[in-house]
Amino acid sequence: MMRWALSVVLMTCVSGLVWSPVVSFAEEMTEDRAYALAEEFGIDVGEVDEEIKELLGLTKAEGVVVFGVIGSSPADRAGIKVKAVIKEVDGKDIRNMLQLGKALEKAMPTQNFSVATFEPAGIDDQGVGGGMNFHFVRVEKD
């Protein structure tokens with residue numbers, strides 16, 4: 001579903017100030033669009049549910065978990081790992097797919113942004129607890 005946003009721009013003219021309506025074509029964020037933006041970034045993701053919470057040993061069923069990372073993508077070059085839970089994108093808290101989509105939509109055009117992930121402890125970590133990691137993303141253009 002497309003939502004149209006009407007914004008008003010204040011313009012100056014010789015006789016004073018004039019209100020001029022400007023139509024912008026802002027697409028409403030949907031889960032499908034959020035998944036497409038995540039794929040463009042280079043990750044296959046899903047919301048953390050109770051099953052994933054238990055599997056990863058998390059305290060809350062909140063956030064977005066990375067199921068896969070596409071090779072040579074911005075996410076891959078930034079070092080984002082499978083099983084990481086995305087907590088922030090460019091300082092914006094991420095608790096669900098819509099928040100991730102909105103944050104990626106805003107951050108990716110800047111070409112440089114940060115992603116904070118929680119990476120739970122794995123079997124190879126020998127009892128070391130998981131921790132927060134900060135990834136600096138640079139989107140390369142052709």
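# Exercises on a predicted model

Lys53 is buried, with a relative accessible area of 16%. The exercises below, which concern a predicted model, begin with this residue.

## Exercise 1

Determine which residue Lys53 pairs with in a salt bridge, and where the two partners lie.

*Solution.* Start from the accessibility of Lys53: its value of 16% is under 20%, so Lys53 counts as buried. Next, look for its partner: Glu50 forms a salt bridge with Lys53, and the closest N and O atoms of the pair are 3.4 Å apart. Glu50 is partly exposed, with a relative accessible area of 48%. Then place the two along the chain: both lie in helix 2 (residues 50-56), three residues apart, which is about one turn of the helix. Finally, widen the view, since Glu50, Lys53 and Glu54 are linked in a network of salt bridges.

## Exercise 2

Find what the salt bridges Glu105 to Arg33 and Arg95 to Glu62 link along the chain.

*Solution.* The count of salt bridges in the model comes to five, and two of the pairs are taken here in turn. In one of them, the side chains of Glu105 and Arg33 meet with an N to O distance of 2.4 Å. This pair links distant parts of the chain, with Glu105 in helix 4 and Arg33 in helix 1, 72 residues apart. Both partners are partly exposed, Glu105 with a relative accessible area of 30% and Arg33 with 24%.

In the other pair, Arg95 and Glu62 meet through their side chains at 3.5 Å, N to O. Arg95 sits in the loop between strand 6 (92-93) and helix 4, while Glu62 sits in the loop between helix 2 and strand 4 (64-69), so this salt bridge ties together parts that are 33 residues apart in sequence. Arg95 is partly exposed at 42% relative accessible area, and Glu62 is partly exposed at 24%.

## Exercise 3

Explain why Glu119, although buried, has no salt bridge.

*Solution.* First locate the residue: Glu119 lies in strand 7. Then examine its surroundings for a side chain of opposite charge; the nearest is that of Lys81, 4.2 Å away. A salt bridge requires the nitrogen and the carboxyl oxygen to be within 4 Å, so at 4.2 Å the pair of Glu119 and Lys81 does not qualify. Glu119 does, however, have a polar partner, for a polar contact of 3.4 Å joins its side chain to that of Thr117.

## Exercise 4

Work out how the buried residues of helix 1 are arranged and what they pack against.

*Solution.* Begin by listing the buried residues of helix 1 (residues 31-41), which are Ala34, Leu37, Ala38 and Phe41. Seen down the helix axis, these residues fall within an arc of 100°, so they line one face of helix 1. On the other side of the helix, Asp32, Glu39 and Glu40 are exposed. The buried residues pack against several elements, among them strand 3 (43-47), helix 4 (97-107) and strand 8 (131-138). To finish, inspect the end of the element: helix 1 is followed by Gly42, whose phi is positive, near 115°.

## Exercise 5

Describe the place of Val139 and list its contacts.

*Solution.* Val139 is in the segment after strand 8, and it is buried, with a relative accessible area of 12%. Leaving aside residues up to four places away in sequence, Val139 touches Pro74, Met108, Gln111 and Phe113. A C-alpha to C-alpha distance can be added: Val139 and Ser73 are 8.4 Å apart in space, although 66 residues separate them in sequence.

Terms used: Residues are numbered from 1 along each chain as its sequence is written. This is a predicted model: local features need pLDDT of at least 70, side-chain atom pairs count only at pLDDT 80 or more; totals for chains, interfaces and linings use all residues. Side-chain values use heavy atoms; hydrogens and water are left out. Buried means under 20% relative accessible area, exposed over 50%, partly exposed in between (1.4 Å probe, protein chains only). Helices (H or I, at least four residues) and strands (E, at least two) are DSSP runs, numbered from the N terminus. The arc is that of the directions from the helix axis to the C-beta atoms. Contact means heavy atoms within 4.5 Å. Lys and Arg count as positive and Asp and Glu as negative; His and the chain ends are not counted. A polar contact is a pair of N or O atoms within 3.5 Å; within protein, one must be able to donate a hydrogen and the other to accept it, and residues adjacent in sequence count only if both atoms are side-chain atoms.
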